[in-house]
Structure formats: C-alpha cells, structure tokens
Amino acid sequence: MPSLSSGLLGDLDPTSDRAVFRQIADQLREAIDRGRFKEGEKLPSEAELVEHYGVSRMTVRNSFSVLQGEGLVHAEHGKGVFVRPRPPVRRLASDRFARRHREQGKSAFIVEADAAGSHPQVDSLEVKEEKASQDVCTRLGSVRRVLARRRRYLLDGRPVEFATSYLPLDIARGTPIAEPNPGPGGIYARLEELGHRLDHFEEEIRARMPSPDEVRTLRLASGVPVIHLIRTAFDQEGRAVEVCDTVMAADAYVLSYQLPAT
C-alpha cells in the first residue's frame, strides 16, 4: 500500500462545518471509488490515520463505521478494515431462463456461477406441502395448497441468495419436482417435461434492508441491503405454474437487462 504521505489521502479542512470523521470518511470513499484502494485491499490502520490526520482513534473508528454502514468496507477482527469486493455475478435477465440452458441440463444459478467462474452449491434444502399464503394464492390463481421448495445458494462457499418456489400440487405432487434433487435443468426442465412449456416470466424487484433472519442466513455485513425478487412463471396456456420468492445479497449481484427500443 502506498504511504499516506504520497498523496493517497488529502488533508482536513479546518474551515469546513462538516464533522472531521465525515471528512475522513469522504476521503477514504473517494480513494476507493478512484481505485487507490483495490477490492479486498486493507485500508490504512487506525494508527496510520491517527498520525496522518492528527485525530483521535475514536474519530477514525467513527469514519470506518460510516463506510461500513454504506457497505463499502468490512472489518476483520485483529486484521483491519478491508474494501469489500464488487458484485461477482452478473444476472442477465434476458438470458438466464433461456431454454437452451435447460436442454444442456443447467439451472439458471449454475449458468450464472459458470459465467462468474465460481463454484455453485445449494444447501438448507427443504421440500414440503403447505398452505399457500394469500399472496402466493393470488399469483397462482386461487391455489390453496402448494409444494414449497426452499433452498440457499452459495458461491465459493459464500451464501448469496435464499429462494422459495411454490408450485400447484396438481402439477408437482408425485413428480421429480417433489424430490430434493429434481434432476438436470432444475424444476423448469421438469415442468416442461410434464407438458407445461414455459412461455414467459414476470418479476417484481425491490431493494430493502434485511431482516435479522436474512442477515444470519446470508451472513450479511453491516449496511448491506438485499434485493427482494418475486417471479411468476407462466406456461403457454397462460397458467401460472410457479412463484419464486428470492432474497439476494445486494453486494453479490449486478442485475442486467436488455430493453427493446420500441
């Protein structure tokens, strides 16, 4: 890491009405944005920043807290504060559910993991029949009971999303969809084998702060939001055949879309 005296960070402005710890956070943020501190790189230590700025350790810690709250850095006990990696996965909406992937025996998550050069895993798998919530019932067309498939997805051992698929029992019961491993291509490949050729998907996306359970499940650092996505899959007859409720770590994904000009 270059020395702080080499112009890596500037000086404080004693005439500014902005709090000193926020000025320091501003300079560190700018250095990160400009690439002076790379992804995964350690920031200057508390002692270095105390000496550089002539401030107290508490002031420096408050600056780090600001950056942690923004999700830009994370602290490792006994090691220091590090720049958080950028999102590793680019989720291309126009391609991820392409039929050719299913025909190759790949689920959408495996396709994305391959593109990112990461190792995909699925754990915390639960498959059971249950009563549909009012929202799921409405989306699936007054279906009262569903087969629910809950699973957590990991990339290189890191949890990145948690998803629950809800499928009508008259479609899923007694089929490979009800098995822990539905087979190559995932549940969409099985739906098409059962005669429900997929026609289109509708997605609703919003960003929010995570619940305590989501923080634990996805091992989220302080200040990291989640992307909450609800997708409904329709077959060529216009029937809703699946609702998938997904919560994703926002620092793990870039959502990429292609939109027509007309």
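This report walks through helix packing, nonpolar cores and a few backbone details in the structure above. Keep in mind that the model is predicted.

**Helices that pack together**

Let's start with a bit of background. Two packed helices are described by the angle between their axes and the distance between the axes. Two pairs here are good to look at, and helix α3 takes part in both: it packs with α2, and its axis also crosses that of α1.

| Helix pair | Angle | Axis distance |
|---|---|---|
| α2 and α3 | about 115° | 9 Å |
| α1 and α3 | roughly 50° | within 8 Å |

Take α2 (residues 46–53) and α3 (residues 57–69) to begin with. Angles of 65 to 115 degrees count as roughly perpendicular, so α2 and α3 are roughly perpendicular to each other. Their crossing is right-handed. If you want to find the spot on screen, look for E46, A47, L49 and V50 on the α2 side, which meet R57, V60, R61 and F64 on the α3 side. Sorted by type, the residues of this contact are 5 nonpolar and 3 charged, with no polar ones.

Now turn to α1 and α3, whose axes cross at roughly 50°. That angle makes α1 oblique to α3. Here too the crossing is right-handed. From α1, the residues V20, F21, R22, I24, A25, L28 and R29 make the contact, and from α3 the partners are T59, N62, S63, F64, V66 and L67. This contact of α1 with α3 divides into 8 nonpolar, 3 polar and 2 charged residues.

**Inside the protein**

Which residues have the most contacts inside the largest nonpolar core? They are L28, F37 and L43, in a core of 20 residues. Helices α1 (20–33), α2 and α3 each supply at least two residues of this core, and so does strand β2 (80–83). The largest share comes from α1, with 5 residues.

Apart from that core lies another one, of 18 residues, with L155, L218, L220 and M248 among them. M248 is worth a click: you'll find it in strand β9 (residues 240–249). It is buried, with a relative accessible area of 0%. Measuring between C-alpha atoms, M248 and A221 are separated by 13 Å, and they are 27 residues apart along the chain.

Helix α8 (residues 186–193) is another mostly covered piece, with 7 of its 8 residues buried. The buried ones are G186, I187, Y188, A189, R190, L191 and E192. After α8 comes G195, whose phi is positive, near 100°.

**Two loop residues with an unusual sign**

Most residues other than glycine have a negative phi. S142 goes the other way: it is not a glycine, yet its phi is positive, about 65°. You can spot S142 in the loop between α6 (134–140) and β5 (145–155). Is S142 buried or exposed? With a relative accessible area of 62%, S142 is exposed.

R219 is also a residue other than glycine with a positive phi, near 55°. It sits in the loop between α9 (212–218) and β8 (226–235). The cut-off for exposed is over 50% relative accessible area, so R219, at 55%, counts as exposed.

How values were computed
Residues are numbered from 1 along each chain as its sequence is written. This is a predicted model: local features need pLDDT of at least 70, side-chain atom pairs count only at pLDDT 80 or more; totals for chains, interfaces and linings use all residues. Side-chain values use heavy atoms; hydrogens and water are left out. Helices (H or I, at least four residues) and strands (E, at least two) are DSSP runs, numbered from the N terminus. Buried means under 20% relative accessible area, exposed over 50%, partly exposed in between (1.4 Å probe, protein chains only). Axes are lines fitted to C-alpha atoms, for helices over the stretch in contact, and angles run from 0 to 180 degrees between N-to-C directions. Angles under 35 degrees count as roughly parallel, over 145 as roughly antiparallel, 65 to 115 as roughly perpendicular and the rest as oblique. A crossing is left-handed if the near helix is turned anticlockwise from the far one by less than a right angle, and right-handed if clockwise. Contact means heavy atoms within 4.5 Å. Ala, Val, Leu, Ile, Met, Phe, Trp, Tyr, Cys and Pro count as nonpolar, Asp, Glu, Lys and Arg as charged, and the others, Gly among them, as polar. A nonpolar core is a set of buried Ala, Val, Leu, Ile, Met, Phe, Trp, Tyr and Cys residues joined through side-chain atoms within 4.5 Å.
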